[in-house]
Amino acid sequence: MGHLHVYTDGSGLDVEVEGTTEKRFSAGVYSLGYTKGDDRAEVYPSYHRRGIFTWENGKQTVANGELFGICETMNTECEEGETDLFMFTDSMVTIHLIRKGLMRPWLLMGHEHEATIDELLEQISKRGDVR
């Protein structure tokens, strides 16, 4: 049995909105997969883009982009033969916000990213075992 490894990253993106360019923050979600070589004897690791996501709601910051990418990852279904979903992010701020939401949610009341964190925590509780 294998595991599904998904990598997320948030960043800024210039988006055309009704004739003007606005800064929107987005998230990229990639998964690690394996591709058979031409001779089918060797298998090579490769990254598959799961999606580039932008949103209009919430505060437009890189931290919210990171949180949003993890929210989108929570919707990823494991494929046949994959038993667990492992997520990777380069954002320590995001990890701290998630941990705070799990351990001391009252500290996030009024936080600028409270809505995104709440959505993420709801998805985590639906998914089940989180370590």
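Here is a short conversation about a helix contact and an aromatic pair in a predicted model.

Mentor: Welcome! In this predicted model, local features need pLDDT of at least 70 and side-chain atom pairs count only at pLDDT 80 or more, while totals for chains, interfaces and linings use all residues. Residues are numbered from 1 along each chain as its sequence is written, and side-chain values use heavy atoms, with hydrogens and water left out.

Trainee: Are helix 1 and helix 3 roughly parallel or roughly antiparallel to each other?

Mentor: Helix 1 covers residues 62–74 and helix 3 covers residues 114–127. They pack at an angle of about 25°, with their axes 9 Å apart. Angles under 35 degrees count as roughly parallel and those over 145 as roughly antiparallel. Helix 1 and helix 3 are therefore roughly parallel.

Trainee: Which residues of helix 1 make the contact with helix 3?

Mentor: Contact means heavy atoms within 4.5 Å. Helix 3 brings Thr-116, Ile-117, Glu-119, Leu-120, Gln-123, Ile-124 and Arg-127. From helix 1 come Asn-64, Leu-67, Phe-68, Ile-70, Cys-71 and Met-74.

Trainee: Which residues form the aromatic pair that is stacked?

Mentor: The structure holds one aromatic pair (ring centres within 6.5 Å). Its rings lie 5.0 Å centre to centre with 20° between the planes, and planes under 30 degrees apart count as stacked. The partners are Tyr-7 and Phe-88.

Trainee: How many residues apart in sequence are the parts that this pair ties together?

Mentor: Tyr-7 lies in strand 1 (residues 2–17). Phe-88 lies in strand 4 (residues 82–89), so the parts tied together are apart in sequence by 81 residues.

Terms used. Axes fitted to C-alpha atoms, helices over the stretch in contact; angles between N-to-C directions. Helix = DSSP H or I, 4+ residues; strand = E, 2+ residues; numbered from the N terminus. Parallel < 35°, antiparallel > 145°, perpendicular 65-115°, else oblique. Phe/Tyr/Trp six-rings, centres within 6.5 Å; stacked < 30°, edge-to-face > 60°.
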